[in-house]
Amino acid sequence: GSSLEPEEHSMEPPAVTEEEVPLAVAPGPVGCQLFGYVGIEAVLDQMKIKTMKTGFEFNIMVVGQSGLGKSTMVNTLFKSKVSRKSSQPGQEERIPKTVQLQSITHVIEEKGVKMKLTVTDTPGFGDQINNENCWDPIIKYINEQYERYLQEEILITRKRKIPDTRIHSCVYFVAPTGHWLRPLDLEFMRRLSKIVNVVPVIAKADTLTLEERAEFKQRIQEDLKTHAISVYPQEDFDQDPEDRALNDRIREKIPFAVVGADQEHQVNGKRVLGRKTKWGIIEVENPAHCEFPLLRDLLIRSHLQDLKDITHNVHYESYRVRRLNESNRP
């Protein structure tokens, strides 16, 4: 005998004891095996095609006294006439009374890859009797490029691609004296290393013997360490052990002892870039003669994108934070 009256069911869920509650396990980075070809690797090809269409932008600044071969070095780096002097032939070169910054832009192409290259020269730097505050126009110019990018970035309707005129690398030319760094060199690198990637090089290194060059390098490294000057590549920005190992080898070689030349000579049946002397030809791209290949690899072949990333994520970011804090103050 069951009752014909319907049973009353409670709307509350049955009580579950603590022991019965299942624990939620967070998904970990477990690799998933694919049973067939999906085509994920095609993302790299898509990125390559898109990047080749849009092209690259790279802005480099060269700083140093007159006569250290800055224009020749830039021409040697990109194997073309891209420097300020090459683009303005026939004009008489005069030392300006104050530091003047002059930029020139080229579009260079190699195997279908286009790069918009801007070279900024600083004639008049360190050429005066009184060089006090001669770095101020350079600091002002670098900050102006950050400000220009910031103003484009904070617009309500922004461009799809903001024109990038920020300096990605500043190559500082040290005179081959064979002694210690001058106070001007130290003060410039101390101030500029906080706002831009500074790469010091020993200009016209063929004027030093191998022993003098090694001693001069060691003294420069000691000076940089004593005055806490952090040049590129900075130790603080190494992302993983592989990057640290590579950058440690580069830091041991800095400053690079370089020789620039934009004329070709015949050596053993081959055309090579070099400088002709009474004793022979100094081959620019021969690692046994100078360290120009190391500088080229750092600026173009291995660290070009890293220079741009640090400029955007570190130097420009610190400028942006400072400017926005200033604008928010009452």
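The numbered points below go through one helix and its surroundings, then some loops, the surface and the charged pairs of a predicted model.

1. Helix H6 runs over residues 210–226, and its length can be checked against its residue count. For its 17 residues, at 1.5 Å a residue, the expected span is 24 Å, and the C-alpha atoms at its two ends are indeed 24 Å apart, so the two values agree.

2. Which residues of H6 are buried? They are Arg-213, Phe-216, Lys-217, Ile-220, Asp-223 and Leu-224, and because they cover an arc of only 125 degrees around the axis, they are on the same side of H6. On the other side of the helix, Glu-211, Lys-225 and Thr-226 are exposed.

3. The cover over the buried residues of H6 comes from several elements, including the strands E4 (169–174), E5 (198–202) and E6 (256–257), together with the helices H5 (183–192) and H7 (241–253). Just after H6, Ala-228 has a positive phi of about 55 degrees.

4. His-179, which is in the loop between E4 and H5, also belongs to the surroundings of H6, since it is in contact with Phe-216 and Arg-219 when its neighbours within four places in sequence are left aside. Along the chain His-179 and Phe-216 are 37 residues apart, while their C-alpha atoms are separated by 6.1 Å. Is His-179 buried or exposed? With a relative accessible area of 53%, His-179 is exposed, because the cut-off for that class is over 50%.

5. A second loop residue to look at is Pro-163, which has its place between helix H4 (136–153) and E4. Its relative accessible area is 41%, so Pro-163 counts as partly exposed. Pro-163 and Glu-152 are 11 residues apart in sequence, and from C-alpha to C-alpha they are 8.6 Å apart in space.

6. On the surface, Leu-34, Val-38, Ile-40, Val-43, Leu-44 and Met-47 make a nonpolar patch of about 610 Å². One of these residues, Ile-40, lies in the segment before helix H1 (42–54), and at 57% relative accessibility Ile-40 counts as exposed.

7. Side chains of opposite charge can pair when their charged atoms come close. Counting as a salt bridge a side-chain nitrogen of Lys or Arg within 4 Å of a carboxyl oxygen of Asp or Glu, the model comes to 18 salt bridges.

8. Arg-182 forms a salt bridge with Asp-185, in which the closest N and O atoms are 3.0 Å apart. The two partners fall into separate classes of accessibility, as Arg-182 is partly exposed at 27%, whereas Asp-185 is buried at 2%.

9. Within helix H5, Arg-190 and Glu-187 are three residues apart, so about one helical turn separates them, and their side chains meet in a salt bridge at 2.6 Å, N to O. Both ends of this pair are partly exposed, with relative accessibility of 31% for Arg-190 and 21% for Glu-187.

10. A further salt bridge joins the side chains of Arg-271 and Glu-264, with 3.7 Å from N to O, and Glu-264 counts as partly exposed at 47% relative accessibility. Which residues are linked in a network of salt bridges? Asp-238, Arg-244, Asp-248 and Arg-251 are linked in this way.

Methods. Residues are numbered from 1 along each chain as its sequence is written. This is a predicted model: local features need pLDDT of at least 70, side-chain atom pairs count only at pLDDT 80 or more; totals for chains, interfaces and linings use all residues. Side-chain values use heavy atoms; hydrogens and water are left out. Helices (H or I, at least four residues) and strands (E, at least two) are DSSP runs, numbered from the N terminus. The expected span of a helix is 1.5 Å times one less than its number of residues. Buried means under 20% relative accessible area, exposed over 50%, partly exposed in between (1.4 Å probe, protein chains only). The arc is that of the directions from the helix axis to the C-beta atoms. Contact means heavy atoms within 4.5 Å. Patches are made of residues with over 30% relative accessible area and no salt bridge: like charges are joined within 9 Å, nonpolar side chains (Val, Leu, Ile, Met, Phe, Trp, Tyr) within 5 Å. Accessible areas come from the Shrake-Rupley method with a 1.4 Å probe; for residues, only the protein chains shown count as cover.
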